[in-house]
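User: Hi! Could you walk me through this one while I look at it?

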Amino acid sequence: RMHPKIWSVLEENRDLIKTITGFEECIRKFVCHVVSLTWQTIGRDTLTQLLGGVSDERVGEILEAQGWQVGPQNKIFVANQEATVKPKNIVEKIQFDNVAGVMTSGMSN
């Protein structure tokens with residue numbers, strides 16, 4: 001389970017990570033990846049907390065970049081089921097002549 005504690009740990013160790021350009025943004029991208037795999041909807045407050053308490057403007061930028069939509073009651077729709085669930089057509093390639101022997105042997109037992 002993801003936990004926003006990472007942000008307090010990072011803050012406590014600011015000296016260690018300040019030289020790593022984009023480190024916090026990489027953490028946010030990872031958070032978004034995990035959120036997209038885990039939730040279909042998530043509350044905006046929960047997402048903001050997981051992203052390290054970023055500004056509402058930054059949350060909006062992240063939502064736009066991820067293609068997520070804000071719905072009623074500040075719920076964020078992470079996954080569009082029509083876009084993620086893909087139907088699969090199964091084509092049988094077995095000829096009747098190939099299974100006729102199996103079928104007749106099963107009937108004679």
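Analyst: Happy to; we can take the overall layout, the sheet, the core and the charged pairs in turn. Just keep in mind that this is a predicted model.

User: Sure. How many helices and strands does the chain have?

Analyst: There are seven helices and three strands. Reading from the N terminus, the elements go α-α-α-β-α-α-β-β-α-α.

User: And what's the strand order in the sheet?

Analyst: The order is β1-β3-β2, in an open sheet with antiparallel pairing. The edge strands are β1 (41-43) and β2 (69-70), each of which pairs on one side only.

User: How many bridges hold β2 and β3 together?

Analyst: Two bridges, in the antiparallel sense, with β3 covering residues 75-77. If you want a spot to click on, Gln-69 is opposite Phe-77 of β3.

User: Nice. Switching to the inside: which residues touch the most other members of the largest nonpolar core?

Analyst: Those are Val-35, Ile-42, Leu-47, Leu-51, Trp-68 and Ile-76, in a core of 18 residues. At least two core residues come from each of α1 (5-12), α3 (23-38), α4 (44-50) and α5 (56-66).

User: Which helix gives the most?

Analyst: That's α3, which contributes four residues.

User: I keep looking at Trp-68. What does Trp-68 touch, leaving out residues up to four places away in sequence?

Analyst: With those left out, Trp-68 touches Cys-32, Val-35, Ser-36, Leu-47, Leu-63, Ile-76, Phe-77 and Val-78. Val-35, Leu-47 and Ile-76 also appear with Trp-68 among the residues that touch the most other core members.

User: What share of the chain is buried overall?

Analyst: Of its 109 residues, 22% count as buried. The chain exposes about 8,600 Å², and carbon and sulfur atoms supply 54% of that.

User: And of the contacts between residues at least 6 apart in sequence, how many join residues at least 24 apart?

Analyst: That comes to 49% of them.

User: OK, charges now. How many salt bridges are there in the whole structure?

Analyst: The search finds seven. One of them joins Glu-11 and Arg-14, with the closest N and O atoms 2.9 Å apart. Arg-14 is partly exposed, at a relative accessible area of 29%.

User: Is there one inside α3, and where do its two partners sit along the helix?

Analyst: Look at Glu-25 and Arg-28, which form a salt bridge with their closest N and O atoms 3.6 Å apart. They are three residues apart in α3, so about one helical turn separates them.

User: Are those two buried or exposed?

Analyst: Glu-25 is partly exposed, with a relative accessible area of 28%. Arg-28 counts as buried because its relative accessibility is 11%, and the cut-off for buried is under 20%.

User: Which helices does the Asp-56 and Arg-44 pair link?

Analyst: Their side chains meet in a salt bridge at 3.0 Å, N to O. That pair links distant parts of the chain, with Asp-56 in α5 and Arg-44 in α4, 12 residues apart. Asp-56 counts as exposed at 53% relative accessibility, whereas Arg-44 counts as buried at 13%.

User: Last one: which residues are joined into a network by salt bridges that share partners?

Analyst: Glu-25, Arg-28, Arg-58 and Glu-61 are joined into one network that way. You've already met two of its members, since Glu-25 and Arg-28 are the α3 pair from before.

Terms used:
Residues are numbered from 1 along each chain as its sequence is written. This is a predicted model: local features need pLDDT of at least 70, side-chain atom pairs count only at pLDDT 80 or more; totals for chains, interfaces and linings use all residues. Side-chain values use heavy atoms; hydrogens and water are left out. Two strands pair if DSSP finds at least two bridges between them. A nonpolar core is a set of buried Ala, Val, Leu, Ile, Met, Phe, Trp, Tyr and Cys residues joined through side-chain atoms within 4.5 Å. Buried means under 20% relative accessible area, exposed over 50%, partly exposed in between (1.4 Å probe, protein chains only). Contact means heavy atoms within 4.5 Å. A salt bridge is a side-chain nitrogen of Lys or Arg within 4 Å of a carboxyl oxygen of Asp or Glu. Accessible areas come from the Shrake-Rupley method with a 1.4 Å probe; for residues, only the protein chains shown count as cover.
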